[in-house]
Structures are given as structure tokens and as C-alpha cells.
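Please look through the structure shown here, and then follow the questions of a student and the replies of an author.

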Amino acid sequence: MTPPTAARSPRVLAWWWFAASSMVLAALPLAPAIAGAVPACPLRRWTGIPCLTCGGTRAIVALARGDVFGAVALNPLVAVAAIAFVAFGLAAPIWVAFGGNVPRLTAISPRARVAVAVAILAAWAWVVFGPA
């Protein structure tokens, strides 16, 4: 069963994204405490190879402290994704109110998909071989 059309409207999606972004910002002071409860990466513990998101928890804590460059140094993919999620989420209702459309992932060109794949691999290489 598919959800009603109103539940899938850009306006509703924009407000849900705004609410999620607002909750993330409200929870930032709790980030260090929450990070202490997150288990260590099992892939890294068992194989010694860091996963794509290794350092992500520390990057989020660095963002919570306002250390953007430190967060990017720990894990650029997680840091940029978190910043983009919150920034675009806060702007989404305004975007939709002014007639902007919700981007469709199926509309992404093959070149853009390759660029995203290269960026993800570069971020993983940074995690594996970088200074952190």
C-alpha cells in the first residue's frame, strides 16, 4: 500500500526534514555523552581496516564543539554530510515555499554519479591513509 499523495508532497517532506535538522541541532550538547555509548567500529577492531564511516562519531563531536576543520580532518564524508543535512534541512521549507522542487535522485546524471562515487572513495582513502 502506498502512502497518500499528501504525505509525499514536497511541503510535508520539507517540514519533516526541517524538524529532523532542528532535533539534530538541539541534541548537539549531548553529542559527547552519546558518543561514549557508541561501540567501536567492529570492522576496524576485527580486521584493522577502517570502514567508510570510521572517525564519524568523533567528527560529529567535533562539529558539536564547533570545530569544522577538525571534523573534516577526522572524516570528511561524515562531516560534510552532517553539515549538508542540517543546512539543507533548515532551508528546505523556505526552498519549497518559493517554488523550489525536491531533487529526485533518479534525475542525477551519470557524470554526477561517478563524481559522487569518486568523492566517497576519496573520503575512504582519507580515513585509511589520512592523518587522523
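**A pocket, two cysteines and a helix pair**

The second largest pocket is lined by Ala 35, Val 38, Pro 39, Ala 40, Cys 41, Arg 44, Thr 53, Cys 54, Gly 55, Gly 56, Thr 57 and Arg 58. A pocket here is an open set of points on a 1 Å grid over the protein atoms alone, where a 1.4 Å probe fits, with protein on both sides within 12 Å along at least five of seven lines, and lining residues have an atom within 4 Å of a point. The model is predicted, with local features needing pLDDT of at least 70 and side-chain atom pairs pLDDT 80 or more, while totals for chains, interfaces and linings use all residues. Residues are numbered from 1 along each chain as its sequence is written, and side-chain values use heavy atoms, without hydrogens and water.

Reader: Which helix gives the most to the lining of the second largest pocket?

Author: Helices are DSSP runs of H or I with at least four residues, numbered from the N terminus. With 3 residues, the one that gives the most to this lining spans residues 56–64, and it is helix α4.

Reader: Why is the sulfur of Cys 41 in no bond with that of Cys 54?

Author: A disulfide is a pair of cysteine sulfur atoms within 2.5 Å. The closest cysteine sulfur to that of Cys 41 lies in Cys 54, and it is too far for a bond because the distance is 3.4 Å.

Reader: How many disulfides does the count come to?

Author: Cys 54 is in no disulfide, its nearest cysteine sulfur being that of Cys 41. By the rule just given, the count of disulfides comes to 0.

Technical notes: Helix = DSSP H or I, 4+ residues; strand = E, 2+ residues; numbered from the N terminus.
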